[in-house]
Amino acid sequence: MKVVVSLEELWEARRSLKPPVGLVPTMGYLHEGHLSLVRAARQECASVVASIFVNPTQFSPTEDLSTYPRNLKRDLDLLEKEGTDLVWTPTEEIMYPADFQTWILVEEVTKPLEGAMRPGHFRGVTTVVAKLFNAVQPDKAYFGQKDAQQAAVIRQMVQDLSYKLQIVVCPIVREADGLAMSSRNIYLNPAERMAATVLYHSLSAAKQAYADGERQADKLRQMVRQNIEAEPLAKLQYISCANSLTLREIQDEIQGQALLSMAVFFGKTRLIDNMLIGD
């Protein structure tokens, strides 16, 4: 496995990779969710590239950039065990030079949900991902379903900017008790960690209600809300039942595939989760 920092090193190493090339963008502190993306890339591609970069432009001043968990040596060990061919670990100065002034803005699909709660977040995400795509030139790029809106935004960007690559979205990887794996789970104290399982159980109950015939989006939203609010340590920020592609809220009956998603605080830790329902 080759590890590079500069763009010049990346371009030189990229020339020797056999196609197709799969890219797994990460912010490091890898867990099983990230590694499942690497495995998917390894299965489908001749060469696998991973990037590790904690992107400052997708954090607001009130968010946890300074305390975001980092462990580069551990990350590299894990990536090597999974057979990664190339890892790019650019610095902030490489990604955002002093005179940087160009941004990528995807409009409608970024407005609801995380976009409404975290102004400027997706401008940072789309810009850094566009730079990763331009630098690595992958044939496929792998993202997790846990960040469902991010995946939808990136798909839209790829379509609009005519990138010649395929976006692959892989299923959420969960702990044994259902909690979606996240680098932020380490912030939870034991009581909060136990309480956080309410996210998965609430979504699962709504999905079961859909399977039993409930089609009214408002009733499913209310079901999830009630389950979350019954947990004393949980503070619901939003609950959504939206079209899985446009992310527009469904006002009446669900037709086609819907995305149930939420953001919930446990103490100071903000967790997101989602589940797809319907066809």
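A salt bridge here is a side-chain nitrogen of Lys or Arg within 4 Å of a carboxyl oxygen of Asp or Glu. Arg193 and Asp177 fit that description, with their closest N and O atoms 2.9 Å apart. The model is predicted.

## Salt bridges

The structure holds 17 salt bridges. Three of them, including the Arg193 pair, are set out below.

| Pair | Closest N to O distance |
|---|---|
| Arg118 and Glu63 | 2.6 Å |
| Arg184 and Asp64 | 3.2 Å |
| Arg193 and Asp177 | 2.9 Å |

Take Arg193 and Asp177. Arg193 sits in helix 8, and Asp177 in the loop between strand 6 and helix 8, so the bridge ties together parts 16 residues apart in sequence. Arg193 is partly exposed, at 23% relative accessibility. Asp177 is also partly exposed, at 31%.

Next, Arg184 and Asp64. Their side chains meet in a salt bridge, N to O at 3.2 Å. Arg184 belongs to the loop between strand 6 (166-170) and helix 8 (190-195), while Asp64 belongs to the loop between strand 3 and helix 3, so this pair links parts that are 120 residues apart in sequence. Both Arg184 and Asp64 are buried.

Then Arg118 and Glu63. Their closest N and O atoms are 2.6 Å apart. Arg118 lies in the loop between helix 5 (114-117) and helix 6 (121-136), and Glu63 in the loop between strand 3 (47-52) and helix 3 (72-81), so the bridge joins parts that are 55 residues apart in sequence. Arg118 has 12% relative accessibility; the cut-off for buried is under 20%, so Arg118 counts as buried. Glu63 is partly exposed, with a relative accessible area of 23%.

This pair is also part of a network. Salt bridges link Glu63, Glu114, Arg118 and Arg270.

## Helix packing

Two packed helices are described by the angle between their axes and the distance between the axes. The axes of helix 9 (residues 198-211) and helix 10 (residues 217-229) come within 9 Å. They cross at roughly 150 degrees. Angles over 145 degrees count as roughly antiparallel, and helix 9 and helix 10 are therefore roughly antiparallel to each other. Their crossing is right-handed.

Which residues of helix 9 meet helix 10? They are Val198, Leu199, Ser202, Ala205, Ala206, Ala209 and Tyr210. On the helix 10 side, the partners are Leu220, Met223, Val224, Asn227 and Ile228. By class, this contact has 10 nonpolar and two polar residues, and no charged residues.

Methods:
Residues numbered from 1 in each chain as written. Predicted model: local features only at pLDDT ≥ 70, side-chain atom pairs only at ≥ 80, totals over all residues. Heavy atoms only, no water. Helix = DSSP H or I, 4+ residues; strand = E, 2+ residues; numbered from the N terminus. Buried < 20%, exposed > 50% of the residue type's maximum accessible area, 1.4 Å probe, protein only. Axes fitted to C-alpha atoms, helices over the stretch in contact; angles between N-to-C directions. Parallel < 35°, antiparallel > 145°, perpendicular 65-115°, else oblique. Left-handed = near helix turned anticlockwise from the far one by under 90°. Contact = heavy atoms within 4.5 Å. Nonpolar A, V, L, I, M, F, W, Y, C, P; charged D, E, K, R; others polar.
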